[in-house]
Amino acid sequence: MSAQIRKLIVAFALLAGVALAGQAAPAKQRMAGDFGPPQGEPVHAVLTSPPHVPPPITRTRPAKVIVDLEVVEKEMQISEGVNYTFWTFGGTVPGSFIRVRQGDTVEFHLKSPPGNKMPHNIDLHGVTGPGGGAASSFTAPGHASQFTFKALNEGIYVYHCATSPVGMHVANGMYGLILVEPPGGLPKVDHEYYVMQGDFYTTGKYREKGHQPFDMEKAIAEQPTYVLFNGAEGALTGDKALTAKVGETVRMYVGNGGPNLVSSFHVIGAIFDQVRYEGGTEVQKNVQTTLIPAGGAAIVTFTAKVPGSYVLVDHSIFRAFNKGALAILKVDGPQNVAIYSGKEVDSVYLGDRSAPNLAAVSTAAEAHAAGTLTKDEQIAAGQQLFAGTCSVCHQSNGAGLPGVFPPLAKSDFLAADTARAARVVLQGLSGKVTVNGSEYNSVMPPMNQLNDDEVANILTYVLNSWDNPGGRIQKEDVKQMRTSKPAASAEAH
């Protein structure tokens with residue numbers, strides 16, 4: 001072998017060694033934690049309820065971190081006027097946010113008050129060990145369990161209950177997030193928020209009022225009644241919306257408790273500067289929508305550049321507008337017409353979640369359950385529901401759109417037969433119709449997403465607004481009409 005060939009072989013070997021070293025460095029950095037014994041006095045973890053996140057960890061050494069988490073079974077509102085018995089970690093859905101440092105030794109205490117009815121445990125995806133802790137944390141009502149683990153891997157991880165039947169425990173809200181920070185911490189941002197999606201299965205229809213039990217058959221069939229952020233419809237809208245200012249950086253820890261659906265997480269009008277997808281250490285940039293699997297999480301970061309209402313959705317879009325997977329980030333600050341020129345996000349597009357909260361709907365539902373519902377309460381509830389359901393076509397003032405959608409204001413069509421209005425909403429209509437002397441030829445699909453009380457309240461509001469003749473339609477009237485035979489003739493919209 002010539003000296004020249006030997007030199008080439010040596011040179012290639014050196015280059016290969018450099019390349020391998022360059023590839024190995026990130027992996028080494030990812031595990032760059034102090035995995036020795038904890039130092040200093042034990043630290044009690046700060047736990048926060050969603051959408052809040054505990055403050056960043058400033059410690060430079062690993063510690064023994066004590067986490068005290070209580071299982072709480074409680075009835076809460078899942079939608080206006082709709083109650084559900086949730087099983088929770090810390091009394092909220094999702095459960096308390098846990099924040100530790102890579103290399104910490106975590107002493108975990110799971111407690112279950114004697115008033116609970118079910119045993120529970122916890123499986124933390126950030127734990128290396130059988131069942132992620134589930135095998136060591138089975139806790140009966142009135143008992144407490146303890147186990148310890150080393151936080152070996154940085155990242156954002158889901159935790160959930162893993163007591164049989166596992167799907168039922170998760171579907172009732174038993175999930176949350178644990179963040180394992182790298183030793184050097186995460187880059188500084190102006191806001192950190194905790195958002196977690198879940199799918200829920202009730203025996204009643206979407207927004208059907210009263211207490212709704214869990215429906216195992218719907219859950220097995222993967223046909224959720226609700227798909228929600230942070231455990232309730234409207235949990236992050238109105239006066240509970242997330243907030244930021246122009247120029248501020250927002251980091252969201254976004255999880256998906258499932259138990260069944262994959263989330264297509266998207267913020268309408270924003271582009272994620274960075275996404276740490278699937279909770280790992282790799283970063284994707286300039287992302288529009290990111291997939292978050294059931295039992296998975298991601299960290300999304302972006303900068304608020306112009307003011308307005310930014311809508312968080314699962315972009316499997318019927319889930320957002322017909323099952324509840326919708327939240328709002330309100331950004332305040334000066335306009336920047338060089339980036340975006342035009343009006344703020346249209347309130348009709350946001351639907352009924354653009355209003356502060358649907359308190360009048362809850363009031364009407366409670367009054368109906370007590371047998372005291374008044375026409376005024378129906379009108380108030382109907383007005384809020386009309387804004388998100390009907391005003392996109394008929395306009396907020398009932399004027400409709402000339403030549404396209406007939407008016408509801410001063411409507412001779414309504415005055416002639418108020419019961420017909422209910423049939424139109426329930427059964428839908430197409431073809432020609434004359435309203436106030438003008439002919440319209442359009443299509444109105446059946447409003448199947450509306451419950452009986454919602455139809456009754458909306459129509460009562462319409463009948464008593466804009467110089468219409470007045471009157472009242474009750475939930476029981478709508479229920480009877482829903483089961484009646486559709487009209488033979490086309491009384492078109």
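This is a short tour of a predicted model, one selection at a time.

**Stop 1: the Tyr84 rings**

Start by selecting Tyr84 and Phe86, and show their side chains. The ring centres are 5.0 Å apart and the planes meet at 70 degrees, so this pair is edge-to-face, given that anything over 60 degrees gets that label. Switch on a surface and check both residues: Tyr84 has 1% relative accessibility, so it counts as buried, and Phe86 is buried as well, with a relative accessible area of 1%.

Keep Tyr84 and add Phe200 to the selection. Here is a further edge-to-face pair, with 6.3 Å from centre to centre and 80 degrees between the planes. Colour by secondary structure and you'll see that this pair links distant parts of the chain: Tyr84 belongs to strand β3 (residues 82-89), Phe200 to strand β10 (residues 191-200), and the two positions lie 116 residues apart. How accessible is Phe200? Its relative accessibility is 0%, so Phe200 counts as buried.

**Stop 2: more aromatics**

Across the whole structure, a search turns up 15 aromatic pairs. For a group of rings, select Phe229, Phe265, Phe272 and Phe302, which together make one aromatic cluster. Then jump to Phe413 and Arg420: the charged end of Arg420 sits over the Phe413 ring, 3.8 Å from the ring centre.

**Stop 3: Ser96**

Go back towards β3 and select Ser96, in the loop between β3 and β4. Is Ser96 buried or exposed? Ser96 has a relative accessible area of 7%, and the cut-off for buried is under 20%, so Ser96 is buried. To see its surroundings, display the contacts, leaving out residues up to four places away in sequence: Ser96 touches Leu47, Thr48, Leu69, Phe89, Gly90, Tyr159, Leu177 and Tyr194. Draw a distance from Ser96 to Thr48, C-alpha to C-alpha, and you should get 5.3 Å, although the two are 48 residues apart along the chain.

**Stop 4: Gln102**

Next, pick Gln102, in the loop between β4 (98-101) and β5 (105-111). Gln102 is buried, with a relative accessible area of 0%. What lies 2.9 Å from a polar atom of its side chain? Show the backbone of Leu152: the partner is the backbone oxygen of that residue.

**Stop 5: Arg207**

Now follow the chain past β10 to Arg207, in the loop between β10 and β11 (210-211). Arg207 comes out at 9% relative accessibility, so it counts as buried. Show Tyr206 too, and look for the polar contact of 3.2 Å that joins the side chains of Arg207 and Tyr206. Then add Glu454: its C-alpha is 8.8 Å from that of Arg207, with the two positions 247 residues apart in sequence.

**Stop 6: helices α11 and α12**

For the last stop, select helix α11 (residues 452-463) and helix α12 (residues 475-483). The two axes come within 8 Å and cross at roughly 115 degrees. As for handedness, α11 passes α12 in a right-handed crossing. Show side chains for the contact: on α11 pick Asp452, Asp453, Val455 and Ala456, and on α12 pick Lys475, Val478, Lys479 and Arg482.

Note on methods
Residues numbered from 1 in each chain as written. Heavy atoms only, no water. Phe/Tyr/Trp six-rings, centres within 6.5 Å; stacked < 30°, edge-to-face > 60°. Buried < 20%, exposed > 50% of the residue type's maximum accessible area, 1.4 Å probe, protein only. Helix = DSSP H or I, 4+ residues; strand = E, 2+ residues; numbered from the N terminus. Lys NZ or Arg CZ within 6 Å of the ring centre and 35° of its normal. Polar contact = N/O pair within 3.5 Å; in protein donor to acceptor, adjacent residues only side chain to side chain. Axes fitted to C-alpha atoms, helices over the stretch in contact; angles between N-to-C directions. Left-handed = near helix turned anticlockwise from the far one by under 90°. Contact = heavy atoms within 4.5 Å.
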